[in-house]
2 protein chains.
Amino acid sequence: MWDCLIYNALVLTMAPGEGPRPQGYVAVQGGKIAVLGQTGAPQDLPPARERLDAQGGLVLPGLVNTHCHAPMVWFRGLADDLSLQEWLNGFICPAGAGWLDADKVYWGALLAAAELIRGGVTTVADGYFYAEAVRQAMADAGLRAVVAQGVVDFPAPGVPDPARNLEAAAAFLDSGAICPDRLTSGVFCHSPYTCGPETLKRAKDLTRARGAPFFLHLAETRQEVADLERRTGLSPGAYLDRLGLLDELTVAVHAVWLPPSDQELLARRGVKVSHCPESNLKLAAGVAPIPALLKLGVTVGLGTDGAGSNNDLDMWGEMSLAARLHKVWGRDPTLLPAPQVLALATREGARVLGLGHLAGVLAIGQAADLIVVAVDQPHLTPLYDPYSHLVYAAGAGDVRSVMVDGRWLLVDRRFTTLNWPALASKVRDYARDLAEFSRRLPRRP
Amino acid sequence: MWDCLIYNALVLTMAPGEGPRPQGYVAVQGGKIAVLGQTGAPQDLPPARERLDAQGGLVLPGLVNTHCHAPMVWFRGLADDLSLQEWLNGFICPAGAGWLDADKVYWGALLAAAELIRGGVTTVADGYFYAEAVRQAMADAGLRAVVAQGVVDFPAPGVPDPARNLEAAAAFLDSGAICPDRLTSGVFCHSPYTCGPETLKRAKDLTRARGAPFFLHLAETRQEVADLERRTGLSPGAYLDRLGLLDELTVAVHAVWLPPSDQELLARRGVKVSHCPESNLKLAAGVAPIPALLKLGVTVGLGTDGAGSNNDLDMWGEMSLAARLHKVWGRDPTLLPAPQVLALATREGARVLGLGHLAGVLAIGQAADLIVVAVDQPHLTPLYDPYSHLVYAAGAGDVRSVMVDGRWLLVDRRFTTLNWPALASKVRDYARDLAEFSRRLPRRP
């Protein structure tokens with residue numbers, strides 16, 4: 001008698017080399033996948049305490065969002081269509097420093113968790129301030145998360161004195177995970193242009209000593225790369241390498257303006273890359289050389305970035321865009337085919353976060369992190385190729401049910417861990433306050 | 001006593017210069033918009049036979065899809081990630097010629113209509129073969145449509161003898177619209193590389209004589225533009241201009257590889273442009289110079305293209321991509337801000353199709369073509385700026401209700417004109433047959 005059985009599904013395990021399994025089922029026991037089977041005969045299904053009929057829909061690993069700033073949902077649509085500098089300095093930084101507190105970060109992260117769950121994300125990597133509050137929200141929502149405390153060399157939300165930024169990061173790393181299997185902790189050094197070399201080195205030392213992941217924004221804009229080269233004479237990769245920052249526990253986010261020598265360096269050092277195409281386009285940052293990085297063997301995942309620059313946390317949009325963008329950019333319609341893109345959003349994303357042993361594929365003994373996608377809908381009909389549909393045609397609204405660690409977070413689009421009306425009401429109250437705060441910000445010419 | 005009242009809405013009329021109207025309502029009479037009002041007091045709402053509470057959601061003009069090949073939903077996901085030539089010659093053309101008939105075109109178009117309606121499209125411009133069957137499907141679904149009969153100089157579905165392609169187009173134009181206000185007829189000359197100069201000229205003459213719209217794919221790929229120049233010594237715009245094809249009733253679809261002189265020519269002649277960014281990226285065709293065309297005063301709308309190359313008919317994806325793509329392509333994050341992109345998908349799209357007097361904005365006397373979008377959802381919370389949400393965060397799944405000509409086609413996501421289970425069953429039967437047919441196609445190396 002298993003804990004739970006999901007049946008009547010077209011199962012995509014996303015394990016390398018494995019194809020779709022029609023009439024598939026998944027049995028879950030103790031939060032892990034216990035059986036993966038196929039049968040057209042209902043009487044052959046294994047017994048389970050709880051059963052979910054996928055109604056012919058797709059069952060696949062939950063999506064892995066490798067880069068998010070969950071509490072930035074507060075800034076969703078507050079300031080669009082601006083230059084990066086105007087957006088950062090005119091809105092995001094002042095609102096972050098002057099308005100946010102731990103409670104608002106908690107509620108923002110919980111709102112983000114609601115969106116992530118409804119969009120089929122089961123694992124999220126988050127980098128922001130008040131990381132304890134983010135971690136608590138992810139714990140309460142039931143998501144698997146890698147939560148990283150932000151570090152910058154200027155006053156930040158919750159860290160008014162930048163001289164204590166590493167102290168705050170160390171305290172967060174050592175504060176102990178709430179659910180060690182499901183929530184891991186890391187450090188998110190914002191970037192080489194907001195953190196000096198000493199900060200970068202010492203932050204990396206903190207994570208290295210603990211075997212924790214280290215995230216940073218790398219080479220997002222051409223300007224920052226030019227500035228860095230002017231300042232140091234080095235390319236971004238060479239600069240970080242000299243500081244000793246490049247290893248298998250480092251996740252380079254964006255990685256847009258990397259010369260080939262830096263791409264090779266990242267590959268050689270085993271650095272992981274988080275690709276956030278929607279944010280890169282919206283901020284006019286550029287297009288990351290993902291096909292080249294993949295060819296070099298770099299492990300690449302997809303990320304949404306924060307809702308301030310996206311403006312949603314929808315991995316389906318990232319998949320659709322990643323699959324298309326590199327085709328036109330590289331002038332080759334065979335680049336990043338659908339099955340590969342779906343792998344980036346699942347299996348490879350889990351590997352980026354060091355969770356490949358646990359999540360990202362459906363296999364016996366892996367955590368039961370899975371989603372059910374309804375296909376009985378006009379835009380997914382007819383169905384010849386489930387990978388194609390998931391990447392090119394499906395959307396967040398098609399996710400019916402979501403399980404993390406064997407626990408349902410969403411069943412038939414209803415939350416099980418979150419009270420949406422109460423959350424929405426709390427969020428709207430705070431948002432009115434932020435809108436008022438934002439109106440009082442000085443407008444720059 | 002009005003026919004219908006939609007109330008408790010944030011109304012976006014999309015009329016130039018008009019902002020959002022909180023606590024708005026729309027009264028509908030005889031298929032037209034009769035009243036646009038605002039009140040917070042329920043007792044002040046006008047009386048109506050039928051009432052729909054928008055529950056605080058957005059009410060805006062229905063989306064206008066300016067380029068579609070509805071029956072190509074049959075080929076959705078059948079052949080992805082291929083070169084344009086391999087895709088066209090290996091799959092699309094043989095399947096079109098060898099498998100399609102009028103009945104399959106009808107059912108395909110009806111499936112497309114279902115997807116369009118659920119995605120908030122109220123007007124679609126379609127170009128394909130067996131155009132009578134497409135028109136019948138759009139009539140049965142209740143959509144507003146401009147249906148154009150396809151013309152190519154080789155055997156096509158329903159037109160085995162290319163010498164009779166213009167005869168077929170003329171017969172379609174003269175066959176009489178089923179609902180003259182809601183369904184208009186046009187001609188879709190596939191492209192200058194599939195139609196010779198005589199065909200192009202005579203097809204344009206057919207439409208000019210009838211005041212009907214003329215569509216063609218223009219400068220979609222770099223290769224075709226190079227070939228045309230080699231053959232004729234002319235750029236695409238100059239070539240069409242010499243043939244007398246450029247006027248206000250011509251819609252140039254794609255318009256990717258247009259030199260500045262052609263862009264100016266299109267502007268001068270009043271030619272309209274349909275921009276299909278998702279298809280252009282997926283086929284690695286290129287990026288159309290939309291900001292430049294807009295600057296020149298060209299009327300531009302958005303289109304999905306067919307589901308064979310997209311793979312959905314989702315205008316929300318087109319909006320999100322259009323808003324982002326030109327920012328990165330033009331290296332300027334202020335290009336194509338959200339309100340402008342939403343205008344392209346509504347008001348400007350209607351103008352592209354010559355329907356600006358009827359659809360595309362909510363104004364008294366315009367047709368009641370409108371949609372209700374639910375905002376009480378995590379990914380649309382908080383709500384500071386509805387234009388931003390609609391372009392950057394909303395999706396087809398957020399459309400709750402859809403009205404065309406004062407008639408509901410979708411209410412709370414349930415179809416009123418279509419029987420989805422019966423349609424889905426019919427479609428799946430045919431799709432199995434197409435999959436079988438496709439497997440028998442010779443595979444090219």
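1. Two residues count as in contact if their C-beta atoms, placed from the backbone, lie within 7 Å. By that criterion, 57 residues of chain B are in contact with 57 residues of chain A. The model is a predicted one, and this note takes the pairing of the chains before turning to two places within chain A.

2. Several elements of chain B give two or more residues to the side that touches chain A: helices H2 (102–118), H9 (277–282), H11 (315–329), H14 (386–393) and H15 (420–439). H11(B) supplies the largest share of that side, with seven residues. Sorted by class, the side of chain B that touches chain A holds 26 nonpolar, 15 polar and 16 charged residues.

3. How are the two copies placed relative to each other? A turn of 180 degrees, with a shift of 0.0 Å along the axis, lays chain B on chain A with an RMSD of 0.0 Å. The copies are therefore related as by a two-fold rotation axis. Which residue of chain B comes closest to the rotation axis? That residue is Gly397(B), whose C-alpha is at 2.6 Å.

4. The copies meet through the same surface, because 100% of the interface residues of chain B are also interface residues in chain A.

5. Within chain A, helix H6 spans residues 222–232, and its buried residues are Glu224(A), Val225(A) and Leu228(A). Viewed down the axis of H6(A), these buried residues fall within an arc of 100 degrees, so they line one face of the helix. The general background is that an α-helix has 3.6 residues a turn, so residues three or four places apart point the same way. On the other side of H6(A), Ala226(A) and Arg230(A) are exposed.

6. Helix H7 (236–242) of chain A is included in what covers the buried residues of H6(A). After H6(A) comes Gly233(A), which has a positive phi, near 75 degrees.

7. A second place to look at in chain A is Leu390(A), found in helix H14 (residues 386–393). Is Leu390(A) buried or exposed? Leu390(A) has 29 other C-beta atoms within 10 Å; a residue is buried if that count is 20 or more, so Leu390(A) is buried.

8. Leaving aside neighbours within four places in sequence, Leu390(A) is in contact with Leu58(A), Leu342(A) and Val373(A). For Leu390(A) and Leu302(A), the separation is 88 residues in sequence and 15 Å in space, taken from C-alpha to C-alpha.

Terms used: Residues are numbered from 1 along each chain as its sequence is written. Chains are lettered from A and ligands numbered from 1 in the order in which they are written. This is a predicted model: local features need pLDDT of at least 70, side-chain atom pairs count only at pLDDT 80 or more; totals for chains, interfaces and linings use all residues. A residue is buried if 20 or more other C-beta atoms lie within 10 Å of its own, exposed if 12 or fewer, and partly exposed in between; C-beta atoms are placed from the backbone. Helices (H or I, at least four residues) and strands (E, at least two) are DSSP runs, numbered from the N terminus. The arc is that of the directions from the helix axis to the C-beta atoms. Ala, Val, Leu, Ile, Met, Phe, Trp, Tyr, Cys and Pro count as nonpolar, Asp, Glu, Lys and Arg as charged, and the others, Gly among them, as polar. Copies are superposed by least squares on the C-alpha atoms of residues with pLDDT of at least 70 in both.
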